[in-house]
Amino acid sequence: MIVLGTVQDGGYPHIGCKKTCCEKAWKRTDKQYIVSLALVDSQSRKWWLFEATPDIKEQLQYFKTITNGRYNYLPDGIFITHAHIGHYTGLMQLGREALGAKAVTVYSMPVLKNYFETNGPWSQLVKLQNISVYALQNGKHVIPASGISVTPYIVPHRDEYSETVGFKITTNTTSYLFIPDIDKWQKWDKQIIDEVKAVDFAFIDATFYNEAELPGKRMEEVPHPFVSETMQLFTNEADYVKSKIHFIHINHTNPLLWRKPAEDSVRKQGFNIAKQGNTYK
Ligand SMILES: [Zn+2]
Ligand SMILES: [Zn+2]
Ligand SMILES: [Zn+2]
C-alpha cells in the first residue's frame, strides 16, 4: 500500500488561508496531496486507487514516478468512500474534456452509484463509458484480483449525497483499515479498538487535532474524532496496537501537518502519522 496523499478534502495549502498553517505551504513546490491510497499487486502488476481526489492528475504522475513506470498509468479500479469533494471529484479528469478514459471500474455504494448516474457532470462519464460503476454492498467483500479482498463498511458521516464507507482491505500477507471520514467513533456500530486490532495498518480520520481548531459553531457542523480523543481511547492498549494507527485525512489547521513537535508528541505516545510516498506492507 502506497500513500498518495494525507490531507483533508480542501487540500494543502487551503483556499483563502493566510494563517501560519499554510504560510510555508503556499511557497513550497513539493505539494502535499489530498487523502488517497494505492494498493499495488506486484505479481499481477495491477493496482487500485482509493479515492479520486481533486489532486488526481498529480497523484497519477506521482504514482508513476515512485513505481518507476512498472504499472499501467490508470488503476485497475477506483474505490470511493463517499461524495464529499476530496474523495470523488477527481473522476472529472477521466472524462471527454480531459483523458477520455475507457471504462475505468469505479467501486461505489448504491446511493453513490445512483448519484453518479443521475447528476452531471458524472452522468456523462457513465453515459460515454469513461467509467463503469460497480455497486458495492455493506459488509460484502469484492475480489478485484486473486488474493485481494476489499470490504466496505458503512460509517456515520454527513451523508448529503451518498452513504459513507470505510474499507477493509486484505491481501495474502497484510490487512488494512481505511476510514478517512467518520463523525465520531462512538456513533459507529463497530468498536474501533477491535477493528484496529484485526488489521496490520489502520489509516484513520485525523481531520482535527482537538476542539480548538475551528471557530465556535463551525466545529459542530463538521464532527470528527479528534486525534486527541482517538489517542485517549487507545491509551490502555498495548504499544503494538497503538502503532498500527496511521493518522490520515489531516486538515490544514491540524498541527500534525506542519508542526514537527506535534508530530513528535503523537509518535512518542506510540501512534503513527501516514506519510505521502511511504509504502506500508
Ligand atoms: Zn473528507
Ligand atoms: Zn491553513
Ligand atoms: Zn466527508
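**Which residues coordinate the zinc ion (ligand 2)?** In this predicted model, Cys17 (SG), Cys21 (SG), Cys22 (SG) and His252 (ND1) do the job, at 2.1 to 2.3 Å. Donors here are N, O and S atoms within 2.8 Å of the metal (3.2 Å for Na, K and Ca), and water is not among the atoms, so sites may look incomplete. The site is tetrahedral, with angles of 100 to 126° among the four donor atoms; four donors get that label if all angles lie between 85 and 135 degrees. Along the chain the spacing reads C-x3-C-C-x229-H. Cys21 sits in helix H1 (residues 20-27) and His252 in the loop between strand S12 (245-248) and helix H10 (260-268), 231 residues apart. Helices (H or I, at least four residues) and strands (E, at least two) are DSSP runs numbered from the N terminus.

**His249 has a positive phi, near 65°.** This residue lies in the loop between S12 and H10. His249 counts as buried because its relative accessibility is 1%, buried being under 20% relative accessible area, exposed over 50% and partly exposed in between (1.4 Å probe, protein chains only).

**The peptide bond from Tyr12 to Pro13 is cis.** Its omega is near 0°, and Pro13 is found in the loop between strand S1 (2-5) and H1.

**Notes for all views.** Residues are numbered from 1 along each chain as its sequence is written, with chains lettered from A and ligands numbered from 1 in the order in which they are written. Local features need pLDDT of at least 70, side-chain atom pairs count only at pLDDT 80 or more, totals for chains, interfaces and linings use all residues, and side-chain values use heavy atoms, leaving out hydrogens and water.

Methods: Four donors count as tetrahedral if all angles lie between 85 and 135 degrees; four count as square planar and six as octahedral if opposite donors are over 155 degrees apart and all others between 65 and 115; anything else is irregular.
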